[in-house]
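Open the model in your viewer and keep the sequence panel beside it. The stops below each give a selection and then what is found there.

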Amino acid sequence: MLFFNPFLGRDGTTFSITGGIYLKKICLIVECYKKNIISVAILLVVLIFALLQSVSFLGRVKYMTYTRDFLVGSNLNFNNTIYFMPMIFEGDPRSGIAFEEIKYGNIPGIESVICPKTATVKMTGKYINVLLCDDSFISTFAPIDQGDWFTTPGIKQDDIVACGYLFEDYSLGSQITVDFGWDTPLPFTFTIVGKKNEPSYLPSFGMQSNNVTAMDLFSQGHNTILVQESKEIDAFLEDSNLYHENCMIKLREDITAAERQEVEEFLLSKGSFLYFNTILENTEKEILNEIKRNLPLPLFLLSVSLVSLVSVSVIMVQKMLPAHSIYRLCGCSRGSSLRILFSGVGLIGIMGGIITTCYVIMYPTLLKYGVVLPEASIINTDLIPAVMGIVTLAIFAPILVIWVQTRRWSPLEEYRREQK
């Protein structure tokens, strides 16, 4: 008889088979779910879907703010920095024709031009990207999380920065050999002196639009190495499909109004452009639009989940009260009875939180192996506190309702009602 007792004696007696008591409590919780299996299953699915939608939304907003902060933290004067997009009839924008004219045209007012050049090469049978960094790029950006950037004294020409999950198992100081060229592979050995961890988004300048935002100026670099530009490397890359995108033009700090007008007129004759302060304004507007456009869906789903969880909790408690009346009359304490009810209801939110947290933790791995498709979103363990906050609310609300529901509940009156 003691084995099936779901409580400890009021006199404080400790049973020698305490494990059986806890097992009985678990059985009571399971029994609670058996009586509401369909509603609980539907509620769990809705809750998980709501949490995943929230994670997706937060991931997109995080990417937007990440790219914005990356630019803000760079060595840029936004009033004197231009994003230039050559016209298509000037030749393929990736051909670099307009870029060469701007960079080597000795146009007064222009201090430097950044136009990232990218090539695809092979490393141990895998395709990786090479991003060539000239002096202007190196002095403007520093996309590293570990180790040294190219401005560190003592950096050699064959030192590189490795980005993304492809290099997560490589430590600083490791050497890698890549094959340049397509028809005749040309091996070159580099030393990793810096690493960019996930999220490994890098400046790419690949977007052409009048409403360019910071998000449009980056691309994923999960399998990219950053290499200092040099004549030797350029010679290696001649047959590696080297291409240009759009350009970032830095004007002189002391540029005159006449020189600025001359630069603008020349750029308009070759394509279109935006100042970077305009790009930042577009970014802030897009972040607000993202919030207005996509926040209502996760909020709606979370509201539905919360209301449903409270409703199911009320039903579950009503179905379990007769049994708990017996337990209470047999000596089970009020606290023990409430803990059983709370555990039964809270387990739904806990399960939803565990599944969503596992997805967030595993997302970089799922991305690495192609299980999920890459998108402009940053989903990593930084989102777990937000998930835990939502789950805490999903657990606390129904528990509060149960407490209010049972606060004036009399087990004796409930038992008498059941006997009638």
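The tour starts with the whole chain and its confidence, then moves to a strand, the core and a few single residues.

**Whole chain**

Select everything first. This is a predicted model, with 11 helices and 14 strands in the protein. Of the 420 residues, 47% are buried. Among contacts between residues at least 6 apart in sequence, 77% join residues at least 24 apart.

**Colour by pLDDT**

The average pLDDT of the protein is 79, and 74% of the residues score at least 70. Which element has the highest mean pLDDT, and which the lowest? Helix α7 (residues 276–294) has the highest, at 94, and helix α11 (residues 411–419) the lowest, at 56. Now select residues 1–19, where pLDDT stays under 50 and the model has 30 contacts beyond four places in sequence. Residues 89–95 are also below 50, and this stretch has 14 contacts in the model beyond near neighbours in sequence.

**Strand β1**

Select residues 81–86, which form strand β1; six of its six residues are buried. How are the two faces of β1 covered? Thr81, Tyr83 and Met85 lie on one side, with Ile82, Phe84 and Pro86 on the other, and all of these are buried.

Add residues 247–251, strand β13. Four bridges join β1 to β13, and the two run antiparallel. To find one of the bridges, pick Ile82 in β1 and its partner Ile249 in β13. Then add strand β14 (residues 271–275), which is antiparallel to β1 and joined to it by five bridges. Here Met85 can be picked together with its bridge partner in β14, Ser272.

**Aromatic pairs**

Show the rings of the aromatic side chains; the count comes to 13 aromatic pairs. Why is the pair of Tyr83 and Phe205 classed as edge-to-face? The ring centres are 6.0 Å apart and the planes are at 65 degrees, so the pair falls in that class, for which the planes must be over 60 degrees apart. This pair links distant parts of the chain: Tyr83 is in strand β1, while Phe205 is in the loop between β9 (201–203) and β10 (218–220), 122 residues apart. Both Tyr83 and Phe205 are buried. For a group of rings, select Phe70, Phe137, Phe141 and Phe218, which form one aromatic cluster.

**The largest nonpolar core**

Next, select Leu71, Leu217, Leu226 and Phe276. These have the most contacts inside the largest nonpolar core, which has 36 residues. The elements giving two or more residues to this core are α2, β1, β4 (126–133), α4 (135–140), β6 (159–163), β9 and α7. In soluble globular proteins, nonpolar side chains tend to be buried together.

Centre on Leu71, which is in helix α2. Is Leu71 buried or exposed? Its relative accessible area is 1%, so Leu71 is buried, the cut-off being under 20%. Leaving aside neighbours within four places in sequence, its contacts are Leu76, Phe78, Phe141, Ala214, Leu217, Phe218 and Phe276. Of these partners, Ala214 is 143 residues from Leu71 along the chain, with 7.5 Å between the two C-alpha atoms.

Shift to Leu217. Beyond four places in sequence, Leu217 is in contact with Leu71, Tyr83, Leu202, Pro203, Ser204, Phe205, Val212, Phe276 and Ile279. Both members of the edge-to-face pair, Tyr83 and Phe205, are thus among the contacts of Leu217.

**Ile102**

Select residues 97–104, helix α3, and pick Ile102 within it. Ile102 is buried, with a relative accessible area of 2%. Apart from neighbours within four places in sequence, it contacts Phe84, Ile107, Ile110, Val113, Ile249, Phe266 and Leu267. Phe84 belongs to strand β1, and Ile249 is the β13 residue bridged to Ile82. A distance label from Ile102 to Lys270 should read 9.7 Å between C-alpha atoms; the two residues are 168 apart along the chain.

**Lys62**

The last stop returns to helix α2 (residues 37–72), where Lys62 is placed. Which side chain makes a polar contact with that of Lys62? It is the side chain of Asp382, at 2.9 Å. Lys62 also touches Ile378, Asn380 and Leu383, not counting residues up to four places away in sequence.

Conventions:
Residues numbered from 1 in each chain as written. Predicted model: local features only at pLDDT ≥ 70, side-chain atom pairs only at ≥ 80, totals over all residues. Heavy atoms only, no water. pLDDT = per-residue confidence, 0-100. Contact = heavy atoms within 4.5 Å. Buried < 20%, exposed > 50% of the residue type's maximum accessible area, 1.4 Å probe, protein only. Polar contact = N/O pair within 3.5 Å; in protein donor to acceptor, adjacent residues only side chain to side chain. Pairing = 2+ DSSP bridges. Phe/Tyr/Trp six-rings, centres within 6.5 Å; stacked < 30°, edge-to-face > 60°. Core = buried A, V, L, I, M, F, W, Y, C linked by side-chain atoms within 4.5 Å.
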